[in-house]
Number of protein chains: 2
Amino acid sequence: MTCTPTHLASQIQEHGFRLTRQRLAILNILYDSGGHLTPTEVFQRLHVLLPGVTEPTVYRNLDFLRQHGFIHATSTPSGRLEYQIVTHSHHHLTCKICGATIEFEDEHLQPLFARLEEMTGYHLSEHHVTFMGFCPQCKSKGE
Amino acid sequence: MTCTPTHLASQIQEHGFRLTRQRLAILNILYDSGGHLTPTEVFQRLHVLLPGVTEPTVYRNLDFLRQHGFIHATSTPSGRLEYQIVTHSHHHLTCKICGATIEFEDEHLQPLFARLEEMTGYHLSEHHVTFMGFCPQCKSKGE
DNA sequence: GTCCTTATTGTAACTTGTTGCAATAAGAAA
DNA sequence: TTTCTTATTGCAACAAGTTACAATAAGGAC
């Protein structure tokens, strides 16, 4: 999957969607951040670039970009969504006691995907995955 | 994991937490529904049983019960959370075109859990998993 | 039963996210 | 370029979810 805003912009147009200033700015913001952003964070940065832009536009575009696979959404432990440019995807595992979070690559889920596709006949295109537990340090203390 | 409201109520007290009317009513509502409920749905039903109850109490209790493992939360494709009594857990795989949803048992994720625990040293206690893709019928049509 | 501690609740104000609809502007066609 | 179509936007009102803090009530001690 390609990941520069320019390339994504071309793809959006090739798919017959319109490339608006708002949409392009959101792609640039996500790309420049280099990580996860909440809709509110995107809105705050977008508001600097394009002062007239409103929240619904941010939410609608994030959802649009996600639905069509141009960006990824990951769900936080509290159930909120964070968005990022699709580069190489990763997931989080958070300690419920000390909050220590480690990341693991998407590719570790590949065997699971293959198995699910085989079982169900579906072709998988999106997934939201969050894990929580106890890190080695806190594990001994129990809950 | 046990799953009747009465048993869960005992567990809550054994852990040193207080068993309030609100908390017990929420457990009963989730149990009676037999499936997933959104916080709003819980609130609407709770409002009938205990007219004075407010939204923050619902959200706080659902989060409390989830954090301590008395109930499960599953994240919907749109990023919202739905709650259910812990019986045997399952997950969803939804077609992005026709919306057809199939369920698969939690146990299919067990090999993944084992692997993650081995890799990371963490003990896993919670996970939120949602998959989307294209069902066999829609798959041929492409996206 | 009464008293005490404090976890839990309700209230009010707030933030975040959504929806309907008219106005706008992107992209195609002439 | 100008015109046309309609996807996308901004606006306004609303729905969902959160937070701070004082009031309440659960559960233990007596």
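How many residues surround DNA strand D, and which are the closest? In this predicted model, 23 residues surround the strand, and the closest are A:Arg23, A:Thr57, B:Gln13, B:Leu19 and B:Tyr59. Of the atoms of DNA strand D that come within 4 Å of the protein, 66% belong to sugar and phosphate. Chain A and chain B also touch each other, with 44 residues of chain B in contact with 43 residues of chain A.

**Surface near DNA strand D**
- Helix 2 (21-33) and helix 4 (55-67) of chain A, and helix 3 (39-49) and helix 4 of chain B, each supply at least two residues.
- Helix 4 of chain A gives the most, with four residues.
- By class, this surface has seven nonpolar, eight polar and eight charged residues.

**Polar side chains at DNA strand D**
- B:Gln13 has a polar side-chain atom 2.7 Å from a phosphate oxygen.
- For B:Thr40, a polar side-chain atom lies 3.4 Å from a phosphate oxygen.
- The side chain of A:Gln22 places an N or O atom 2.9 Å from a sugar or linking oxygen.

**Interface of chain B and chain A**
- The two chains bury about 3600 Å² between them, 63% of it on carbon and sulfur atoms.
- Elements of chain B that each supply at least two residues to the side touching chain A include helix 4 (55-67), strand 3 (90-95), helix 5 (110-120) and strand 5 (123-134).
- Strand 5 of chain B provides the largest share of that side, twelve residues.
- That side of chain B has 21 nonpolar, 17 polar and six charged residues.
- Zero salt bridges are found across the interface, and the count of residue pairs in polar contact, both at pLDDT 80 or more, is zero.

How values were computed: Residues are numbered from 1 along each chain as its sequence is written. Chains are lettered from A and ligands numbered from 1 in the order in which they are written. This is a predicted model: local features need pLDDT of at least 70, side-chain atom pairs count only at pLDDT 80 or more; totals for chains, interfaces and linings use all residues. Side-chain values use heavy atoms; hydrogens and water are left out. Contact means heavy atoms within 4.5 Å. Buried area is the accessible area (1.4 Å probe) that two parts lose on being put together, summed over both. A salt bridge is a side-chain nitrogen of Lys or Arg within 4 Å of a carboxyl oxygen of Asp or Glu. A polar contact is a pair of N or O atoms within 3.5 Å; within protein, one must be able to donate a hydrogen and the other to accept it, and residues adjacent in sequence count only if both atoms are side-chain atoms. Ala, Val, Leu, Ile, Met, Phe, Trp, Tyr, Cys and Pro count as nonpolar, Asp, Glu, Lys and Arg as charged, and the others, Gly among them, as polar. A residue is near a molecule or strand if one of its heavy atoms lies within 4 Å of it.
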